[in-house]
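Biologist: Please put the model on screen. I would like to go through one chain by question and answer.

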Amino acid sequence: MNSYPPVHLIKLAYCLILGVGLGAIAVLDYPSSHLVFSIATMLYSVLFLINAMLLIFKYKLKTEGYLSQTLIVSIFAYSLLSVKYGGALNAFWIYFFPVVAFFLFKLNTAILLTAIYIPVALYIIIETSEPLHQAQMVLSFAVITTVSLFLSFVKTRTNNLLEPLIGRDLNTGAQLEKFLRPTLAIEITRAEREGTGLLLMQLKIPFNDKRPHKHEIEEIVTKYAKSISDNLRPFDRYYRLDKQNFSIILPHATTQEGTRIAQNIIHGVTLDNANKTTFGLASLNVGDTADSLIHTAQKELNYVSD
Amino acid sequence: MAKDPAVSLLYTIIAMVCILLSISQYIFGHYDIMFLTMIMIGILLPGAIFLFLNREQSNGKYVNVLILISLGTIIQYQLSIDPDLSIHFAFSFPIICYFILPISWAIQITFIFMVLTFYQVSTSHSMTDSLRLCFTYLVFDLSSFCYAYINTVKRQSLLNLTVTDYQSGAYNNRHLVEKLNQEIARSAVTKRTLSLVAVTIEDYGQILDIHGTNISERLLKEFHYTVNGLLRAGDDVFHDCKGTFYILLPNCPIEGALVLKERLFKKIASIQWQDIGDIQLNIGFATLESSENAQQFLQRASEHLVKQQKTALRLLAFDK
């Protein structure tokens, strides 16, 4: 359990508590309400428990985007079902819809979904509650929707402000591609001014599958990034390119040193096909620019022998 | 990236909702509940005004805690009068807390509120109904917590990845430490000098107070742009978000730093800064010594800057 990141643990705890809680509600509902409603609650509970199991075994569904859609549709259906079978005590499920919509979906989609749900929520409120409670429920629903909207809006605004200020890739710790050319141009000027060497290394990762899945790419690329980071000097910099490749700037390095670093990177990657990794080395020559160095390094891509 | 204006707007919206609610409670003759709702309005509206006008952000969170504890207490009292009616308002309390307060504070307040709500529900409903209500409430509270927690974690990881200070456009403090370590390691390999210049805009705090955030941020951006124009390729500018800039000069001896200092003084004196007029600078610098680490190097440059500031103040007093 120690290897799980906090967000993963929170998701796991949430699914477990939701699964157990809904299961308990289904058992409580069985004698007092309709069998269909009790079964629906139990199915809902099982859905969360299955998801918890998948999280425990770190299994990631290739169609995980559909889980959000399934969840929002099921809350929609469940709250409507509560009108027919559940009564006033189950009308509280209308409060879940805006929270889940704004949590799982992008701001615009969530606003659209909530706008569609508002008439349904009003219908549920009118059908299940007496007039004094109706006003209280409408206003509580309005407050919860507003706060969810605010949370989502603040999240979107923060992301929009922070994203241009980010320098690194979240998963690999590599610098972003947009910084490669400007940094390389600066390094070329520095090397020429100081009269020292400069080496650019391109690294192309081999994939067994011709069209690998996003998770598979991330897993493999992260392993490479760790090996690269372990084998570089503190002042070398590596960049993630096209999501699947890396570019490494090695100031004060010769081609021999570059080849040795490439061999160490391959040894550091615990993958069967690591020896199929191709490397391209470009050493700074008179008249070289950032573009010409990148072009040369890409042209020189080849296997590295021990 | 202050959240106070959004919180102020939220309090106003909740107060408006409460006004509508108190009208409906009046129509239905629930005068005791209506009185409590009006107290809520009396707490929310001054809170919204205070947060809108408040400029010292550290006070804001204490005011928010007071407001939310008062709201929570009133909701609990309403629950003891009419649990069926007030439980709906209790459902909105956790998500409000998670939006407004820092997550650790919100957890404590919502936990106490949840325990009290469970107690109130269990004393006013049958066993089955209270269990069902408690489970539903627990699940809703957890949903709000997960939403807020995952948002906080994501924002923190994004913040950790940022390298640029949004006020000035220069690199931020975190990147300064990282870059210093890189350049010190590089200097050890190449045996070349490394200098660090610390520049502070005199009375930046006062400029911020008098001219406000927009003009101060524009000053920082223009200042960064001006400094950048004086540097070589490979030199970097950093800003600590408090008006102090650091300029890292690889392969530059102390004489080079001195030349840059004079050029900077001359350039700044020639510029008329819009709305602000003239600005004065204090500059400190240091050149890397053998076996010095990033922290020591940075501290030495900062100490030299403080010394320069004190000397400038003494000279000013002597002039008078």
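Biologist: Which residue of strand 3 of chain A stands opposite A:Leu199?

Modeller: This is a predicted model, in which local features need pLDDT of at least 70, side-chain atom pairs count only at pLDDT 80 or more, and totals for chains, interfaces and linings use all residues. Residues are numbered from 1 along each chain as written, with chains lettered from A and ligands numbered from 1 in written order. Strand 1 (198-204) and strand 3 (245-251) of chain A pair in the antiparallel sense over seven bridges; strands are DSSP runs of E of at least two residues, helices runs of H or I of at least four, both numbered from the N terminus, and pairing takes at least two DSSP bridges. Opposite A:Leu199 stands A:Leu250.

Biologist: Which strands of chain A stand at the edges of the sheet?

Modeller: The open sheet has five strands in the order 2-3-1-4-5, with antiparallel pairing. Each edge strand has a single partner, so one side of it lacks a neighbour in the sheet. They are strand 2 (237-241) and strand 5 (302-303) of chain A.

Biologist: Over what arc do the buried residues of helix 8 of chain A lie?

Modeller: Buried means 20 or more other C-beta atoms within 10 Å of the residue's own, exposed 12 or fewer, with C-beta atoms placed from the backbone. The buried residues of helix 8 (214-231) of chain A are A:Ile220, A:Val221, A:Tyr224, A:Ser227 and A:Ile228. They are on the same side of helix 8 of chain A because their arc, taken from the directions from the helix axis to the C-beta atoms, is only 120 degrees.

Note on methods. Expected span 1.5 Å × (residues − 1).
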